[in-house]
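How does one decide that a cysteine pair counts as bonded, or that a residue counts as buried? Please go through the reasoning step by step for the model shown here.

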Amino acid sequence: MAITQARPLAFLCSVIVLLVINVDAGGIAIYWGQNGNEGTLAETCATGNYDFVNIAFLSTFANGQTPTINLAGHCNPYRNGCTGLSSDIKSCQAKGIKVMLSIGGGAGSYNLTSAEDARQVMPSWMESTLISKEERINMDDLAKYLSGYGKRGKRVYLTAAPHCPSPDAWVGGALKTGLFYYVWVQFYNNPPCQYSSSSIGNLEDEWKQWTTDIPATKVFLGLPAAPASFR
């Protein structure tokens with residue numbers, strides 16, 4: 001199946017906060033890794049502000065490429081300089097924080113050429129804690145491959161970051177599989193459903209649709225963490 005590049009992200013993911021609103025619990029998730037001045041991963045978790053931290057991004061993979069992470073100025077993967085994150089991840093997990101690996105992103109080198117290509121790439125990622133998907137590929141197959149690893153003694157959480165309005169043109173079909181635990185929906189920079197001081201009707205209507213149509217464990221309300229992230 002032909003693959004298309006993910007849509008560009010019009011924000012710095014390191015400063016995006018996703019607020020989860022659910023009937024039984026709440027929590028905050030954040031992207032970490034694209035701002036060299038944001039502190040270490042361990043320091044981010046030590047603030048006590050977050051229940052989820054998305055490491056952004058695994059931006060090179062597939063089509064015969066060696067999977068490579070891009071964490072801006074935090075470390076140099078080409079010199080084995082990112083292995084130090086292991087202790088930070090364990091520190092976060094000890095605090096009960098779920099650490100995700102976000103794959104794709106707005107820039108990078110990734111082009112899954114088929115469902116088989118996706119299957120071949122998956123094993124090299126399984127040492128990661130979690131995987132968050134932000135690229136348009138054969139998502140149904142990818143979700144099935146990933147969820148299969150969760151049956152081998154390790155729990156695999158699948159997450160997705162679609163854009164509002166619903167259904168998302170990129171991952172809408174895959175979300176219907178019921179394989180995703182967490183879905184963080186970007187409700188900003190999307191005029192048809194974002195908050196407006198004159199009316200919150202569009203946001204309310206879309207929120208109801210997302211929380212009723214998607215069989216996910218939790219659906220998050222994606223909000224900008226700073227004015228600069230909102231255009």
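The questions and answers below concern the disulfides of this predicted model.

Q: What makes Cys45 and Cys92 a disulfide?
A: The sulfur atoms of Cys45 and Cys92 are 2.0 Å apart, and since a pair counts when its sulfur atoms lie within 2.5 Å, Cys45 and Cys92 form a disulfide. The pair links distant parts of the chain, with Cys45 in helix α1 (residues 41–46) and Cys92 in helix α2 (residues 85–94), 47 residues apart.

Q: Why is the disulfide of Cys45 and Cys92 called right-handed?
A: The torsion about its S-S bond is about 95°, so the disulfide is right-handed.

Q: How do you know that Cys75 is buried rather than exposed?
A: Cys75 has a relative accessible area of 16%, and because buried means under 20%, Cys75 is buried. Cys82, its disulfide partner, is likewise buried, with a relative accessible area of 16%.

Q: What makes Cys164 and Cys193 a disulfide?
A: The S to S distance is 2.2 Å, which satisfies the requirement of lying within 2.5 Å, so a disulfide joins Cys164 to Cys193. Cys164 lies in the loop between β8 (158–160) and α5 (172–175), and Cys193 in the loop between β9 (182–186) and α6 (201–213), so the pair ties together parts that are 29 residues apart in sequence.

Q: Why does Cys164 count as buried?
A: Its relative accessibility is 1%, and because the cut-off is under 20%, Cys164 counts as buried. Cys193, with a relative accessible area of 0%, is buried too.

Technical notes: Residues numbered from 1 in each chain as written. Predicted model: local features only at pLDDT ≥ 70, side-chain atom pairs only at ≥ 80, totals over all residues. Heavy atoms only, no water. Helix = DSSP H or I, 4+ residues; strand = E, 2+ residues; numbered from the N terminus. Buried < 20%, exposed > 50% of the residue type's maximum accessible area, 1.4 Å probe, protein only.
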